[in-house]
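Colleague: I should like to go through this model term by term and hear the grounds for each label. Could the coordinates be shown before we begin?

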Amino acid sequence: MHHNKKTTYQEQTPKMYRLIIIISSIMFLTLAQDCQRPAGIEKLFENPCNLDGLKRSLERNPFEVWYFKDKFKSVEDMSLTPEQYDNQFVERATTKDRLQNVMKKALLGQNIGVTVMGGSISAGGGLINDYSDLRGIYYRVFIDWWQKTMQPFTGSSIDLRNLAVGGTSSNFFSFCYKTFMKPQDSMDLIFLEFSINDYILFKNSHPPWAMSLEKLTRQLLSEDISPAVMFVNFIQGNQQNVALCDNLENNGQTMLAWHYGITSFSMRDSLCPNTGNKNSL
């Protein structure tokens with residue numbers, strides 16, 4: 001008798017979507033940890049009941065409340081070891097310090113502006129073919145967690161401005177991102193996703209290939225609101241689902257992130273284990 005092999009969720013899920021799920025988990029777990037660390041949290045809260053409720057909410061295992069809680073209840077469920085998970089992000093000083101200001105603003109009950117700039121991955125290209133909506137994309141996973149964990153106790157909600165456009169690179173946004181912003185928009189937290197598109201656009205040009213991203217990063221860091229900027233990095237795959245490991249990370253973006261103190265999220269070291277280690281993100 002032949003038994004049909006049970007197909008796991010991991011085998012059913014398109015690889016790019018799995019990559020976005022994993023990046024989502026890394027991002028929201030890291031940001032969730034930062035939410036627990038604002039200095040002087042007691043001084044910002046007048047209602048001790050709300051403060052106690054928020055502390056209990058933040059102490060919950062994020063995997064119990066996140067968007068994919070019915071499919072992935074731990075890092076291991078995503079076929080990652082704790083060591084691999086730790087290698088997916090590098091927290092750096094500028095982003096970390098500015099995130100503290102974001103969290104203090106949230107504790108005062110003020111809304112947080114989240115801005116996304118990138119290409120088709122951040123725009124959700126292709127995902128709608130596999131799933132009925134885009135709520136599982138990386139920044140929406142974080143927003144979903146915020147709405148469940150932070151907003152009920154602080155009154156602070158997320159105002160999302162997704163500026164991502166398929167096929168665009170950082171030079172497009174460095175020239176015109178302000179054109180897409182409304183006067184009332186606040187850029188408190190910014191996700192930049194250009195590791196693939198900038199690499200494709202500039203790989204046949206003279207280095208430094210990350211010059212365009214450097215210009216955009218510098219512009220955003222200089223905004224009066226002092227936003228917390230993060231790099232969200234993906235890699236390409238071919239038709240045989242083989243990872244193509246070259247992207248902007250190993251062509252100037254790493255040095256850029258180090259120079260400006262930008263926290264980076266990436267799956268490159270896990271999918272391409274021979275390209276470096278945690279410190280190379």
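Modeller: The discussion below takes up the labels one at a time. Please bear in mind that this is a predicted model.

Colleague: What makes up the protein in terms of helices and strands, and what share of the residues counts as buried?

Modeller: The protein has 14 helices and eight strands. Of its 281 residues, 49% count as buried. The accessible surface comes to about 13,800 Å², and carbon and sulfur atoms hold 50% of that.

Colleague: What share of the contacts with a separation of 6 or more joins residues 24 or more positions apart?

Modeller: Such pairs account for 78% of those contacts.

Colleague: Why is S170 called buried?

Modeller: The label requires a relative accessible area under 20%. S170 has 0%, and therefore S170 is buried. This serine is placed in helix α10, which covers residues 170–180. Leaving aside residues up to four places away in sequence, S170 touches F194, D198, S212, L213 and L216.

Colleague: What makes the pair S170 and S212 a polar contact?

Modeller: The distance between the two side chains is 2.9 Å, and the cut-off for a pair of N or O atoms is 3.5 Å. The pair therefore lies within the limit.

Colleague: How do you know whether N197 is buried or exposed?

Modeller: Its relative accessibility is 17%. That value is under the 20% limit, so N197 counts as buried. N197 lies in helix α11, residues 197–202. Among the residues that N197 touches, beyond those up to four places away in sequence, are G119, S120 and G167.

Colleague: Which residues of the largest nonpolar core touch the most other members?

Modeller: They are Y138, W146, L189 and F191, in a core of 40 residues. At least two residues of this core come from each of α4 (48–59), α6 (93–107), β2 (112–118), α8 (138–149), β4 (189–193) and β5 (228–233). Helix α8 gives the largest share, seven residues. Another core lies apart from it and has 24 residues, including F202, A210, L256 and Y260.

Colleague: What makes F172 eligible for a surface patch?

Modeller: A patch residue needs over 30% relative accessible area. F172 has 31%, so F172 passes that threshold. F172 lies in helix α10 and is partly exposed. Together with V165 and F180, F172 forms a nonpolar patch with about 220 Å² of accessible area.

Colleague: Why are K69 and D70 said to form a salt bridge?

Modeller: Side chains of opposite charge can pair when their charged atoms come close. The cut-off from nitrogen to oxygen is 4 Å, and the side chains of K69 and D70 meet at 3.6 Å, N to O. The pair is therefore a salt bridge. By this rule the count comes to seven salt bridges.

Colleague: Why do K69 and D70 carry unlike exposure labels?

Modeller: Exposed means over 50%, and partly exposed lies between 20% and that value. D70 is at 64%, so D70 counts as exposed. K69 is at 30%, so K69 counts as partly exposed.

Colleague: How do you know that R161 and D185 form a salt bridge, and which parts does the pair tie together?

Modeller: Their side chains meet at 3.0 Å, N to O, which is within the 4 Å limit. R161 lies in strand β3 (residues 158–162) and D185 in the loop between α10 and β4, so the pair ties together parts that are 24 residues apart in sequence. R161 is at 23% relative accessibility and counts as partly exposed. D185, with a relative accessible area of 23%, is also partly exposed.

Colleague: What makes E214 and R218 a salt bridge, and how are they placed in their helix?

Modeller: The side chains of E214 and R218 meet at 2.8 Å, N to O, again within 4 Å. Both residues lie in helix α12 (residues 211–221); they are four residues apart, so about one helical turn separates them. R218 is partly exposed, at 39%.

Colleague: Why is S226 singled out for its phi?

Modeller: Most residues other than glycine have a negative phi. Phi of S226 is near 55°, a positive value in a residue other than glycine. S226 is placed in the loop between α12 and β5. At 31% relative accessible area, S226 falls between the limits of 20% and 50%, and so S226 is partly exposed.

Definitions and conventions. Residues are numbered from 1 along each chain as its sequence is written. This is a predicted model: local features need pLDDT of at least 70, side-chain atom pairs count only at pLDDT 80 or more; totals for chains, interfaces and linings use all residues. Side-chain values use heavy atoms; hydrogens and water are left out. Buried means under 20% relative accessible area, exposed over 50%, partly exposed in between (1.4 Å probe, protein chains only). A polar contact is a pair of N or O atoms within 3.5 Å; within protein, one must be able to donate a hydrogen and the other to accept it, and residues adjacent in sequence count only if both atoms are side-chain atoms. Contact means heavy atoms within 4.5 Å. A nonpolar core is a set of buried Ala, Val, Leu, Ile, Met, Phe, Trp, Tyr and Cys residues joined through side-chain atoms within 4.5 Å. Patches are made of residues with over 30% relative accessible area and no salt bridge: like charges are joined within 9 Å, nonpolar side chains (Val, Leu, Ile, Met, Phe, Trp, Tyr) within 5 Å. Accessible areas come from the Shrake-Rupley method with a 1.4 Å probe; for residues, only the protein chains shown count as cover.
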